[in-house]
Amino acid sequence: MLRRVGPTLSHFLLERKNSTGYSLCSREAKMSRPVQAQRLEGLDKNIWVEFVKLAATYSKVNLGQGFPDFPAPEFLTEAFVGALSGKNHMLHQYTRAFGHPPLVKVLAQFFGKLLGRDLDPMTNVMVTVGAYQALFCCFQAFVDEGDEVIIIEPFFDCYEPMVKMAGGTPVFVSLRPKAPKDGKLMSSADWQLDPAELASKFSERTKAIVLNSPNNPLGKVFSRGELELIAELCVKHDVLCFSDEVYEWLVYDGKEHIRIASLQGMWDRTVMIGSAGKTFSATGWKVGWTVGPDRLMQHVRTVHQNSVYHCATVAQEAVSQGFQRELSLFGKPDSYFVQLPKMLQQKRDQLVQSLDAVGMKPIIPEGTYFLVADISKFKSDVPDDPKSDEPYDYRFAKWMVKNKGLAAIPLSAFYSEAHKNNYNNYLRFCFAKEDATLKAASDILQKWKQEKISS
Ligand code: PMP
């Protein structure tokens with residue numbers, strides 16, 4: 001039998017006291033040092049966490065978060081089922097880190113055709129976990145402490161925290177609305193950059209600009225002239241462009257989506273970002289991609305290989321088949337990229353009409369599946385509270401979902417803290433919804449208007 005020659009280690013630890021007499025190994029011992037990394041400071045709030053929960057609890061009709069409530073196309077879901085249950089059992093295993101070979105090959109062909117240049121699938125294309133991770137990779141790969149990144153407001157909200165997490169400083173420049181003279185409804189094209197203001201934001205500290213065309217939340221499709229202005233400034237100041245083009249196929253009224261990477265001097269300094277979620281109405285698949293010159297992509301790959309490695313192989317296989325189909329039908333009436341915007345344009349018009357009919361003035365979007373509307377005429381239902389530090393549109397949207405069952409997103413969520421209160425009279429609605437959903441939204445609005453008239 002072993003003879004105990006002294007106290008056991010656990011006994012020793014349990015009994016040992018520090019200078020305040022507190023047992024160092026007590027089960028109750030709490031950490032006292034700060035645990036949160038400094039770079040997370042102030043970034044804990046997230047509009048989607050808050051409003052998705054509100055919509056799930058109260059909404060009868062959810063036009064808040066941006067996803068379709070209609071099915072993804074059959075050719076795509078069939079490709080997924082085929083990949084999942086087919087003979088190639090290797091589709092259940094890891095694939096190439098920077099993108100499943102069939103997917104990067106077809107993306108290189110597809111975007112090579114659009115950009116008019118030969119793309120190498122292995123070096124010019126990388127697959128990501130949705131466009132979200134593509135954005136994260138860009139900020140981590142290129143933004144250093146002290147670097148400035150120009151963000152055009154209103155912006156997809158994650159740009160700001162992502163720049164900050166990388167140690168950079170966001171510099172904001174707002175699109176300025178100009179009311180149309182003829183009393184017509186405003187269009188997203190009426191929201192424009194002031195060229196002098198934009199130019200003033202570029203300095204030697206500027207590392208990159210984030211461009212999102214078509215723009216979430218406004219639906220603005222940047223014109224060639226606007227893109228040329230941005231390109232000129234990028235070249236002049238030797239600045240990178242992260243071009244978030246997730247809504248590239250959702251463009252209406254014959255408008256053209258122009259890829260900034262195709263403008264003079266821009267290929268070498270642009271990372272294009274796309275999303276199968278938006279492109280094929282399958283947001284839950286979380287397949288995205290980046291396209292750019294190898295000298296940039298090599299750094300994007302470094303972030304990717306040291307964080308995510310890759311996304312689900314079967315989803316990548318199915319998206320590759322979707323793109324194969326689209327490549328063979330390119331520009332033809334049967335192409336999903338032709339049919340989807342046609343269908344969405346009708347839905348846009350349906351929602352524009354419903355909002356206009358009740359006086360919630362819509363700003364007609366040229367692209368995306370979002371629409372911003374002015375709530376000024378409904379403000380009497382939700383009185384202002386000067387003591388609240390929450391923007392007015394947040395309170396309005398919360399009131400609306402709780403009292404009317406209609407979920408939308410406050411526009412000021414897409415602005416920096418400094419500019420939030422300049423744009424707090426609007427809500428963003430998503431119209432990628434079944435006609436019945438849009439009709440139900442219209443019914444809620446009509447009933448609300450009637451109640452206002454009779455009260
Ligand atoms: N960029 C923009 C402008 C978006 O609106 C979204 C999704 N709402 C994303 C990126 C993220 O796309 P994904 O779902 O592919 O990650």
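1. Let's start with aspartate 244, which sits in strand 8 (residues 240-244). Strands here are DSSP runs of E at least two residues long, helices are runs of H or I of at least four residues, and both are numbered from the N terminus. Keep in mind that this is a predicted model: local features need pLDDT of at least 70, side-chain atom pairs count only at pLDDT 80 or more, and totals for chains, interfaces and linings use all residues. Residues are numbered from 1 along each chain as its sequence is written, and side-chain values use heavy atoms, with hydrogens and water left out.

2. What is the nearest side chain of opposite charge to aspartate 244? It is lysine 278, 8.8 Å away, and aspartate 244 has no salt bridge even though it is buried. Buried means under 20% relative accessible area, exposed means over 50%, and partly exposed is in between (1.4 Å probe, protein chains only). For charge, Lys and Arg count as positive and Asp and Glu as negative, while His and the chain ends are not counted. A salt bridge needs a side-chain nitrogen of Lys or Arg within 4 Å of a carboxyl oxygen of Asp or Glu. Leaving aside residues up to four places away in sequence, aspartate 244 touches several residues, including Leu135, Phe156, Tyr159 and Ile273. Touching, or contact, means heavy atoms within 4.5 Å.

3. Now zoom out to the sheet with 7 strands. It is open, its order is 2-10-9-8-7-3-4, and the pairing is mixed. Two strands pair if DSSP finds at least two bridges between them. Strand 2 (125-129) and strand 4 (169-174) are the edge strands, each pairing on one side only. On average, neighbouring strands of this sheet are turned by 25 degrees against each other, direction ignored. Axes are lines fitted to C-alpha atoms, for helices over the stretch in contact, and angles run from 0 to 180 degrees between N-to-C directions.

4. Look at strand 3 (residues 148-153) next. Strand 3 pairs with strand 7 (residues 206-212) in the parallel sense over 4 bridges, and isoleucine 150 stands opposite isoleucine 209 in strand 7. Helix 8 (residues 224-237) packs on the sheet and touches strand 3, strand 7 and strand 8; its direction makes about 165 degrees with that of strand 7. Strand 3 also runs parallel to strand 4, joined by 6 bridges. Here isoleucine 151 stands opposite phenylalanine 172 in strand 4. Is strand 4 mostly covered or mostly uncovered? Mostly covered: 5 of its 6 residues are buried.

5. There's a second sheet to check. This open sheet has 4 strands in the order 11-12-15-14, with antiparallel pairing. Strand 11 (362-363) and strand 14 (409-410) stand at the edges with a single partner strand each, so one side of each is left without a neighbour in the sheet. Strand 11 and strand 12 (residues 370-374) run antiparallel and are joined by 2 bridges, with proline 362 opposite alanine 373 in strand 12. Helix 13 (residues 392-404) lies across strand 14 and strand 15 (426-430), running at about 50 degrees to strand 15.

6. Back to charges: how many salt bridges does a search of the whole structure find? The search gives 23. In one of them, the side chains of glutamate 245 and arginine 259 meet at 3.8 Å, N to O. Both residues lie in the loop between strand 8 and strand 9 (270-275), so the pair ties together parts that are 14 residues apart in sequence. Glutamate 245 and arginine 259 are both buried.

7. Two more pairs are worth a look. Arginine 301 forms a salt bridge with aspartate 294, with the closest N and O atoms 2.7 Å apart. Arginine 301 is buried at 12% relative accessible area, whereas aspartate 294 is partly exposed at 31%. Glutamate 326 and arginine 325 also meet in a salt bridge (2.7 Å, N to O); glutamate 326 is buried at 0%, and arginine 325 is partly exposed at 25%. Salt bridges that share partners also join Glu50, Glu390 and Lys398 into one network.

8. Finally, the cysteines. A search of the whole structure finds 0 disulfides, a disulfide being a pair of cysteine sulfur atoms within 2.5 Å. The sulfur of cysteine 137 is 7.0 Å from the closest cysteine sulfur, in cysteine 138, which is too far for a bond.
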